[in-house]
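Here is a predicted model for a first look. Please keep the sequence and the structure in view while reading the questions below.

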Amino acid sequence: MSLIIRPETPTDYSAIKEVNDLAFGQPVEGKLVENLRKNPKFVPELSLVAEASGKIVGHILFFPIVIKSAAGKEKGTISLAPLAVRPEFQKQGIGHGLILEGLKACRQLGYDSVIVFGHPEYYPKLGFRPAGTWSIKDTFGAPAEAFMAMELKEGALEGASGVVELPEEFMGS
Ligand SMILES: CC(C)(COP(=O)(O)OP(=O)(O)OC[C@H]1O[C@@H](n2cnc3c(N)ncnc32)[C@H](O)[C@@H]1OP(=O)(O)O)[C@@H](O)C(=O)NCCC(=O)NCCS
C-alpha cells in the first residue's frame with residue numbers, strides 16, 4: 001500500500017469527518033475537528049491526512065494550547081487530538097506514520113513539546129511520558145496515565161509545571 005501523508009486541503013473536509021466518525025464510532029471527534037477549523041488559532045499545516053490510492057484513510061490534528069503556571073505564566077505547546085484511522089486500515093502503521101509526520105511538522109513550525117490525552121499503551125512507544133513527570137496537570141480528571149507529554153526539544157518542559165488550558169471547542173461547546 002503506498003501511503004501519502006500530507007496537510008489537509010478543503011476538498012478533504014468531508015472525508016476527514018467520515019474517518020473520525022468511523023474510527024471513533026460517534027460523530028463527536030469529527031465535529032470537534034470542524035469546530036476547531038473555525039478557530040483563528042487553527043494551523044492547516046498541522047491537520048494531516050493519510051491517503052492511500054486517493055482515499056483518505058487517516059487523520060491527525062495538532063492544535064496550539066498553553067500550559068498556565070500557578071503564577072499565571074503561559075507556556076505555548078500543542079495538543080495531539082484527535083487521531084483516527086479508518087477501521088479497515090488499522091494496525092498497519094498508519095497511526096504511527098501520522099504521529100511521526102505530525103511531530104516533524106510541529107518541530108518545523110517551532111513547537112518544542114506536545115500534549116496528548118490518549119491510550120496509555122499506544123503513545124509511550126513513540127516517546128510520550130506521563131505529563132505528571134513535569135507536574136503538568138489537566139482540569140478534566142483524565143486518568144493520570146492517559147495524560148501524556150513529549151519534549152520535541154530537550155528540556156522544553158523543564159519548569160513548565162502548570163495546568164493545560166484547552167480551547168472551549170474541546171469542552172463540546
Ligand atoms: C488508535 C489508532 C489511531 C491507531 O491507529 P493504527 O493505524 O491502527 O495504529 P498503528 O498501526 O500505527 O499502530 C499499531 C500499534 O498500536 C497498537 N494499538 C492500536 N490501537 C490501540 C489502542 N486503542 N490501544 C492500545 N494500543 C493500540 C497496536 O496493537 C499496535 O501495536 P504494535 O505496534 O506493538 O503491534 C486507531 O486504532 C484508531 O483510529 N482508533 C480509534 C480512534 C482512537 O482511539 N484514536 C486515538 C485516540 S487517543
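Q: Does M150 count as buried or exposed?
A: Buried stands for under 20% relative accessible area and exposed for over 50%, with partly exposed in between (1.4 Å probe, protein chains only). The relative accessibility of M150 is 8%. M150 therefore counts as buried.

Q: From which number are residues counted along each chain?
A: This is a predicted model, in which local features need pLDDT of at least 70 and side-chain atom pairs count only at pLDDT 80 or more, while totals for chains, interfaces and linings use all residues. Side-chain values use heavy atoms, leaving out hydrogens and water, and along each chain, as its sequence is written, residues are numbered from 1.

Q: In which strand is M150 placed?
A: Strands (E, at least two residues) and helices (H or I, at least four residues) are DSSP runs numbered from the N terminus. The run that holds M150 spans residues 147-151. That run is strand β8.

Q: How far apart in space are M150 and G110?
A: Along the sequence, M150 and G110 are 40 residues apart. In space, from C-alpha to C-alpha, the distance between M150 and G110 is 14 Å.

Q: Which residues come nearest to the ligand?
A: A residue is near a molecule if one of its heavy atoms lies within 4 Å of it. There are 19 residues around the ligand. Those that come nearest are K91, G93, G95, H96 and K125.

Q: What is the distance from a polar side-chain atom of K125 to an oxygen atom of the ligand?
A: A polar contact is a pair of N or O atoms within 3.5 Å; within protein, one must be able to donate a hydrogen and the other to accept it, and residues adjacent in sequence count only if both atoms are side-chain atoms. G95 has a polar backbone atom 2.8 Å from an oxygen atom of the ligand, and a polar backbone atom of H96 is also 2.8 Å from a ligand oxygen atom. In K125 a polar side-chain atom takes this role, and its distance from a ligand oxygen atom is 2.7 Å.

Q: How much of the ligand's accessible area does the protein cover?
A: Accessible areas come from the Shrake-Rupley method with a 1.4 Å probe, and for residues only the protein chains shown count as cover. On its own, the ligand has 880 Å² of accessible area. The part of this area covered by the protein is 73%.

Q: Which elements give two or more residues to the shell around the ligand?
A: Both helices and a strand are found in this list. The helices are α1 (13-24) and α3 (94-108), and the strand is β4 (74-85). The elements asked for are thus α1, β4 and α3.

Q: How many charged residues does the shell around the ligand have?
A: Ala, Val, Leu, Ile, Met, Phe, Trp, Tyr, Cys and Pro count as nonpolar, Asp, Glu, Lys and Arg as charged, and the others, Gly among them, as polar. The shell has nine nonpolar and seven polar residues. Its charged residues number three.

Q: Is K91 buried or exposed?
A: K91 is found in the loop between β4 and α3. Its phi is near 60°, a positive value in a residue other than glycine. With a relative accessible area of 88%, K91 is exposed.

Q: What is the relative accessible area of S53?
A: S53 is not a glycine, yet it has a positive phi of about 50°. The loop between β2 (47-52) and β3 (55-68) holds S53. This residue is exposed, with a relative accessible area of 77%.

Q: Is the peptide bond from A81 to P82 cis or trans?
A: P82 is part of strand β4. The omega of the bond from A81 to P82 is near -10°. This peptide bond is cis.

Q: What is the length of the polar contact that joins the side chains of R37 and E8?
A: R37 lies in helix α2. R37 is buried, at a relative accessible area of 16%. Its side chain is joined to that of E8 by a polar contact of 2.9 Å.

Q: What distance separates the C-alpha atoms of H119 and F147?
A: H119 sits in the loop between β5 (113-117) and β6. At 54% relative accessibility, H119 counts as exposed. H119 and F147 are 28 residues apart along the chain, and their C-alpha atoms are separated by 8.8 Å.
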